[in-house]
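Reader: I have a model open and would like to go through some of its helix packing and one of its pockets. Could you take me through it?
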Amino acid sequence: MKIRKSTQVAVGGLSSALCLLLMFMTGMIPFATFALPSLAGILLIVVVVENGIQTATLVYAAVSILSLFMCPDKEAAMMFIGFFGFYPIVKGKLDKIKWRPLQYLIKLAVFNVAIVCSYWVIINLFGLTEILEEMGAFGKYTLLVTLAMGNLVFLTFDFALSRITYAYVHVLRKRLFRRVQ
C-alpha cells in the first residue's frame with residue numbers, strides 16, 4: 001500500500017506529538033516511568049512502517065530532545081532515550097537474524113547495555129542518586145535481581161512489540177489508510 005507524501009508527513013508529526021504528550025504525562029501518573037515511554041516507543045512502529053527507518057530516527061531524536069526539556073520525570077525521559085525510543089526502530093533489523101538463540105542473545109545484550117548506560121547517565125549526569133538509595137534498602141543484590149527481572153519484562157515487551165507490529169501492518173493499517181491513498 002503506497003500512501004501520499006503529505007500523509008507520511010502527517011504520520012510523523014502526529015506520532016511526534018503523541019509521543020511528547022505521553023512523555024509529558026509521566027509526572028502525573030506514579031507508575032508511568034516505564035509504561036508511558038514504552039507506549040511512546042510503540043507509536044514509532046507506525047512511523048517505521050509508513051515512513052521508514054530514517055524518518056523514525058528523526059522523530060525519535062526530536063522527541064528525545066524535547067522530552068529532556070518538557071518531561072517532568074527525567075528517569076522516564078532517559079528510559080525513552082536510552083531504550084524504548086530506539087528499540088522499535090532497530091527491532092526489525094534484529095528480527096532478521098535467522099538463528100533464534102543468537103537473535104535473542106543480541107537483543108538481550110542491547111537491552112542490558114542500554115539500561116545500564118541509561119541508569120549511569122541518570123545517576124551520574126542528572127544526579128538522581130535517590131534511585132540507588134531506594135534500592136539499597138533491600139540488600140546488595142537488588143540491582144542484579146532488578147536487572148534479571150527487567151530481562152524477563154524485556155522479553156515480554158519484545159514479544160508484544162512483534163504482535164503489535166503484525167496487528168498494525170495486517171489489520172489496522174488497512175482501516176486507517178483506506179481513504180487516504
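Reader: To begin, how are α5 and α8 oriented to each other?
Author: Bearing in mind that this is a predicted model, α5 and α8 come out as roughly perpendicular to each other, because their angle falls in the range of 65 to 115 degrees. The angle at which α5 and α8 pack is about 80 degrees, and their axes lie 11 Å apart.
Reader: And which residues of α5 and α8 meet there?
Author: From α5 there are Y87, P88, K91 and D95, and these meet F154, F157, D158, L161 and S162 in α8. Sorted by class, the contact of α5 with α8 holds five nonpolar residues, three charged ones and one polar one.
Reader: Moving on to α6, at what angle does it pack with α8, and how far apart are the axes?
Author: Helix α6, which covers residues 100-125, packs with helix α8, residues 142-176, at an angle of about 125 degrees, and the two axes are 10 Å apart. That angle makes α6 oblique to α8.
Reader: Is that crossing left-handed or right-handed, and which residues make the contact?
Author: The crossing in which α6 passes α8 is right-handed. On the α6 side the contact is made by Y104, K107, L108, F111, N112, I115 and V116, while α8 contributes L147, G150, N151, F154, L155 and D158. By class, the contact of α6 with α8 has eight nonpolar, three polar and two charged residues.
Reader: Switching to pockets, how much space lies in the second largest one, and which residues lie nearest its centre?
Author: The second largest pocket holds about 380 Å³ of space. Its lining is made up of 21 residues, and those nearest the centre are K91, G92, D95, S162 and T165.
Reader: Which elements give two or more residues to that lining, and how does it divide by class?
Author: The elements that do so are α2 (32-51), α5 (87-95), α6 and α8. As for class, the lining of the second largest pocket divides into nine nonpolar, eight charged and four polar residues.

Notes:
Residues numbered from 1 in each chain as written. Predicted model: local features only at pLDDT ≥ 70, side-chain atom pairs only at ≥ 80, totals over all residues. Heavy atoms only, no water. Axes fitted to C-alpha atoms, helices over the stretch in contact; angles between N-to-C directions. Helix = DSSP H or I, 4+ residues; strand = E, 2+ residues; numbered from the N terminus. Parallel < 35°, antiparallel > 145°, perpendicular 65-115°, else oblique. Left-handed = near helix turned anticlockwise from the far one by under 90°. Contact = heavy atoms within 4.5 Å. Nonpolar A, V, L, I, M, F, W, Y, C, P; charged D, E, K, R; others polar. 1 Å grid on protein atoms, 1.4 Å probe; cavity = no way out; pocket = protein on both sides within 12 Å on 5 of 7 lines; lining within 4 Å. Points joined across faces, edges and corners; volume = space filled by probe spheres on them.
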